[in-house]
Amino acid sequence: MKIYIASSKKNIVEEKVLITSLIESSNLKEDINILAADENRVYNFDRTKIFRKIFDTDIEFKQSTLFSTARFFVPMLSSNEDTVIIDPDTLVFANLKSFFKKLKTGIYMRKAYGLNLYASSVILYTKDFFDNEKIQNYKKAVLNKNITWMDKLYFNGNFCRKSNLKITKLSKSWNQFDFYFPSTKIIHYTNLYNQPWVFDGHPFEDLWINFFRMSINRNILKMEDIYNQQKESTTFDNKIKACKKDLHLLVNDKYKKKKKNLYKFFRNEIRFHSMKKY
């Protein structure tokens, strides 16, 4: 199995916190790869080795994040192994190999909040799904400039028809938007205005903070990473920093957290309306 985290220099903090959750959930370091979209490189889990380029063609990036595009090239890199493609703004609570046990051949995504739309933030496909013909059809559709990136991002009917893909519906527990339940395998902090490394008050920020501290303690995430990301702006608003200014203080267990404001959380849920969740 291979796990590809689609990321960039603006996402190093959440990337390394995700890696910590993966390792804590018995996933192997050697199975984890980083898609550094802004560098066009595939790295190993700690970015100490470069494996290859992500794509060998000129791509026009017209959507909010580079890594949203990088995801689409993974089947061209890994078509003969069970594969997971995942965004960095997530936490994993399961050994991902367990997903592929007794599973039918296919590509799996959860439904997004729209008709015939799928959430490409977590994609899982079996090792025998992409044969040579499927890969060629898929590649043509990915590079087809007449298909919008939004169509590709949501794997809507137009993109799936052109690429000849049939998506199998994935249980929400494998890509749970902004909520955690006992059955949750992956939580996705998908609401950009509530992500706990950028803003205070997410109802499940404690989960993320726990893995954040664990990542620091295990020397996976370094203080330098935090300080560097605090200088970056988010992809969705250049006036908002990619890390909140006091994030480094969360390393201290005695740091006094701000009181959760559920009204603000749900207001932001409406502001970042459901159709944008992927």
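This section describes the fold, one helix, one strand and the aromatic rings of a predicted model.

The chain has nine helices and 11 strands. Of its 278 residues, 56% count as buried. Contacts between residues with a separation of 6 or more were also examined. Of these, 66% join residues 24 or more positions apart.

Strand E5 covers residues 83-86. Both of its faces are covered. Thr83 and Ile85 lie on one side, Val84 and Ile86 on the other, and all are buried. E5 pairs with strand E1 (residues 2-7) through four bridges. These two strands run parallel. Within this pairing, Ile3 stands opposite Val84 of E5. E5 is also joined to strand E8 (residues 122-125), again by four bridges. Here the strands run antiparallel. Thr83 has Tyr125 of E8 as its bridge partner.

Helix H7 spans residues 205-217. Its length can be checked against the expected rise. At 1.5 Å a residue, its 13 residues should span 18 Å. The end C-alpha atoms are 18 Å apart, so the expected and computed spans agree. The buried residues of H7 are Glu205, Trp208, Ile209, Phe211, Phe212, Arg213, Ser215 and Ile216. Several elements cover these buried residues, including helix H1 (12-24), strand E6 (90-92) and helix H8 (223-230). Just after H7, Asn219 takes a positive phi of about 65°.

Aromatic rings were examined next. A pair of aromatic rings is described by the distance of the centres and the angle of the planes. The count comes to 20 aromatic pairs. One of them joins Phe155 and Phe159. Their ring centres are 5.2 Å apart. Their planes meet at 85°, which is over 60 degrees, so the pair is edge-to-face. Phe155 and Phe159 are both buried.

Phe179 and Phe204 form another pair. The centres of these rings lie 5.8 Å apart. Their planes are at 70°, so this pair is edge-to-face. The pair links distant parts of the chain, with the two positions 25 residues apart in numbering. Phe179 sits in the loop between strand E10 (176-177) and strand E11 (186-188). Phe204 sits in the loop between E11 and H7. Buried residues have under 20% relative accessible area, and exposed ones over 50%. Phe179 has a relative accessibility of 26%, so Phe179 counts as partly exposed. Phe204 has a relative accessible area of 21%, and is therefore partly exposed.

Ring pairs also build a cluster. Its members are Phe72, Tyr125, Phe129, Phe130, Tyr138, Trp149, Phe155 and Phe159. Tyr125 of this cluster is the E8 residue that partners Thr83. The edge-to-face pair of Phe155 and Phe159 belongs to the cluster as well.

Charged side chains lie over some of the rings. Lys152 lies over the face of Trp149, at 4.0 Å from the ring centre. Trp149 is itself a cluster member. Elsewhere, Arg110 lies over the face of Phe177, and the distance to the ring centre is 3.8 Å.

Cysteines were considered last. The structure holds zero disulfides. Cys160 has a relative accessibility of 10%, so Cys160 counts as buried. Cys243 has a relative accessible area of 2%, and is therefore buried.

Key: Residues numbered from 1 in each chain as written. Predicted model: local features only at pLDDT ≥ 70, side-chain atom pairs only at ≥ 80, totals over all residues. Heavy atoms only, no water. Expected span 1.5 Å × (residues − 1). Buried < 20%, exposed > 50% of the residue type's maximum accessible area, 1.4 Å probe, protein only. Contact = heavy atoms within 4.5 Å. Phe/Tyr/Trp six-rings, centres within 6.5 Å; stacked < 30°, edge-to-face > 60°. Lys NZ or Arg CZ within 6 Å of the ring centre and 35° of its normal. Disulfide = S-S within 2.5 Å. Pairing = 2+ DSSP bridges.
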